[in-house]
Amino acid sequence: MKRLWEKYFAAVMAAVALCVTAGCGTSVGASDIPVAPSDGDVTIRLDWWGGDARVKATEEAVKGFEKRHPNIHVDTEYSDWTGYWDKLAVQSAGGNAPDVMQMDELYLAFYGSMGSLLDLGKAKGYLDLSGLDPSLAAMGKVEGKQVAAPATSAQFGVIVNNDVLDALGLALPDTDHWTWDEFEAFAKQVSERSGGDIIGAIAPNNGYGLQLWARQHGESLFDGNAITISPQTLASFLQLPADWAANGIEGSAERWSENTAATLNDTDFGKGKQAMMITQATMITPYAQAAGTGNMTVVQLPQVTPGARTMYLKPGMYWAVSSGSQHPAEAAMLVDYLINDKSAGVMLGTERGIPANDDIRAMLAKDATGTDRTSLDFVDKIGPTLGDAPQITPNGASELDKTIVRYQQDVVFGKRTALAAAKAMIAELQESIDFAS
């Protein structure tokens, strides 16, 4: 039975073939449309995924853009996460992709390598990326071309519920230079002191966490289309939730499984039943709202070698322009406005993550309060540990997050040893990447 990625890829290829047979246009391939403003009125489409808050903020920003550019009208579209990618695949293959689309790092290599995205270097007269950290901007490149502009950045850290620690009479150790051993020891104290009612933490379980784990061990996750993390290092990552379930940090294997599958509000951390959460710093506000407390902070991720430059600025989301856009200059102007305009920055806030534009981030931090201020300031806090950005997830590995959880479950529930799971996971991912290449 084909895996989800293979089904997805095959569906797109089938749509492309059907479109070619029918003689319709396609956004797959380089655009021949000049990147220059059109005469007269223009209509472009903007599409994204997200909930009500994102819809409201984005539509407000779009109105600001239209007021600034009276001849450009923007039609907005949005979906939930799954519906967005299903729709975009069909639209892109059928030559009907939105002019401007929200993009995720997991799918960037696929759309970029298919030629579905405009080389933004052709639009540099209308889109300025100089306000972004160069390493962050570079993560919008595929095959050497800037095909996406990071809209936000995401930084892994440890969100701490201080109400939980205060109730247990516990104080954090030195988190500026703590190791994984120190983190685990403290997390275990939480579980033990609460009699198991409150757990210490949940092990990282996604591609961002794995990428950082590889970097902390002197390795990389990918090199081009090759998986380069060693089976031993991957095995140690897959083993973490099994160990933490066994020693009580996560409560039990069953409790770990329930937390991994739960929505944010239904997790132990969202219910105030967990002391620390390893996740993106911007998640502090929704978790604080779920748990009903503003007494949360974000501290640095533990490291194998404290102080090493293993962190990096990961794009939270991107904006990309379709290579089939009939109005690429106007589309680029919209992206530029959404990323660089201060009024747009105020309207969009941190809903998509930390603004990629450093000036916008600093502006928001100046006036922010509470958990919003905490997440905005966290970028500066991890500055000394920032290294060069890694390569983006290659085409064919878009299901990385789900794959990690699946193999972690095998280890947690004793279906495979960690090393056997690691070798199988590497083989599966490499096969999927090779299939898509």
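Which residue in E14 is the bridge partner of Pro150? In this predicted model, that partner is Tyr318. Let's use this pair as a way into the fold.

The bridge belongs to a join between E6 and strand E14, residues 318–321. Two bridges hold these strands together, and they run antiparallel. Step back a little and you'll find an open sheet of five strands, ordered E2-E1-E3-E14-E6, with mixed pairing. At its edges sit strand E2 (72–79) and strand E6 (149–150), each of which pairs on one side only.

Now for the helices that pack on this sheet. Helix H4, residues 105–113, touches strand E3 (100–103) and E14, and its direction makes about 130 degrees with that of E3. H12 packs on the sheet too, touching strand E1 (42–49), E2, E3, E6 and E14. Its direction makes about 170 degrees with that of E14.

Follow H12 along the chain and you reach Asp341, which sits in the loop between helix H12 (328–340) and helix H13 (342–348). Is Asp341 buried or exposed? Asp341 counts as buried because its relative accessible area is 14%, and the cut-off for buried is under 20%. Its side chain has polar company all the same: there is a polar contact of 3.0 Å with the side chain of Arg68, and another of 2.2 Å with the side chain of Ser343. Leaving aside residues up to four places away in sequence, Asp341 touches Arg68, Asp336 and Ile360.

The two helices on either side of that loop also turn up around an empty space. A search of the whole structure finds six cavities of 30 Å³ or more, and the largest cavity holds about 150 Å³. It is lined by 16 residues, with Ala151, Thr152, Leu338, Leu348 and Gly349 lying nearest its centre. H12 and H13 each supply at least two residues of that lining.

Pockets are worth a look as well. The second largest pocket holds about 280 Å³ of space. Its lining has 18 residues, and the closest to its centre are Ala109, Val142, Glu143, Gln391 and Ile392. H4, helix H5 (134–138) and strand E4 (141–142) each give at least two residues to the lining of this pocket.

One of those central residues, Glu143, deserves a pause. Glu143 lies in the loop between E4 and strand E5 (145–146). What is the phi of Glu143? Glu143 has a positive phi of about 55 degrees although it is not a glycine. That stands out because most residues other than glycine have a negative phi. Glu143 is also exposed, because its relative accessibility is 67% and the cut-off for exposed is over 50%.

Next comes a second sheet. This one is open and has three strands in the order E11-E8-E12, with antiparallel pairing. E11 and strand E12 (296–299) are the edge strands, each pairing on one side only. Neighbouring strands here are turned by 30 degrees against each other on average, direction ignored. Strand E8, residues 156–161, and E11 pair over five bridges in the antiparallel sense. Among the partners in E11, Gln280 goes with Phe156 and Thr279 goes with Gly157. Although E11 is an edge strand, strand E11 (residues 276–280) is mostly covered, with four of its five residues buried.

Helix H8, residues 207–216, is largely enclosed by the rest of the structure, because 10 of its 10 residues are buried. The buried residues include Tyr208, Leu210, Leu212 and Trp213, along with Gln211, Arg215 and Gln216. Just after H8, Gly218 takes a positive phi of about 75 degrees.

The last stop is Lys423, in helix H17 (residues 418–436). Lys423 is partly exposed, because its relative accessible area is 48%. Along the chain, Lys423 and Ser230 are 193 residues apart, yet their C-alpha atoms are separated by 8.8 Å.

Key:
Residues are numbered from 1 along each chain as its sequence is written. This is a predicted model: local features need pLDDT of at least 70, side-chain atom pairs count only at pLDDT 80 or more; totals for chains, interfaces and linings use all residues. Side-chain values use heavy atoms; hydrogens and water are left out. Buried means under 20% relative accessible area, exposed over 50%, partly exposed in between (1.4 Å probe, protein chains only). A polar contact is a pair of N or O atoms within 3.5 Å; within protein, one must be able to donate a hydrogen and the other to accept it, and residues adjacent in sequence count only if both atoms are side-chain atoms. Contact means heavy atoms within 4.5 Å. Two strands pair if DSSP finds at least two bridges between them. Axes are lines fitted to C-alpha atoms, for helices over the stretch in contact, and angles run from 0 to 180 degrees between N-to-C directions. On a 1 Å grid over the protein atoms alone, a cavity is a set of points where a 1.4 Å probe fits but cannot get out, and a pocket is an open set with protein on both sides within 12 Å along at least five of seven lines; lining residues have an atom within 4 Å of a point. Grid points are joined across faces, edges and corners, and a volume is the space filled by probe spheres set on the points.
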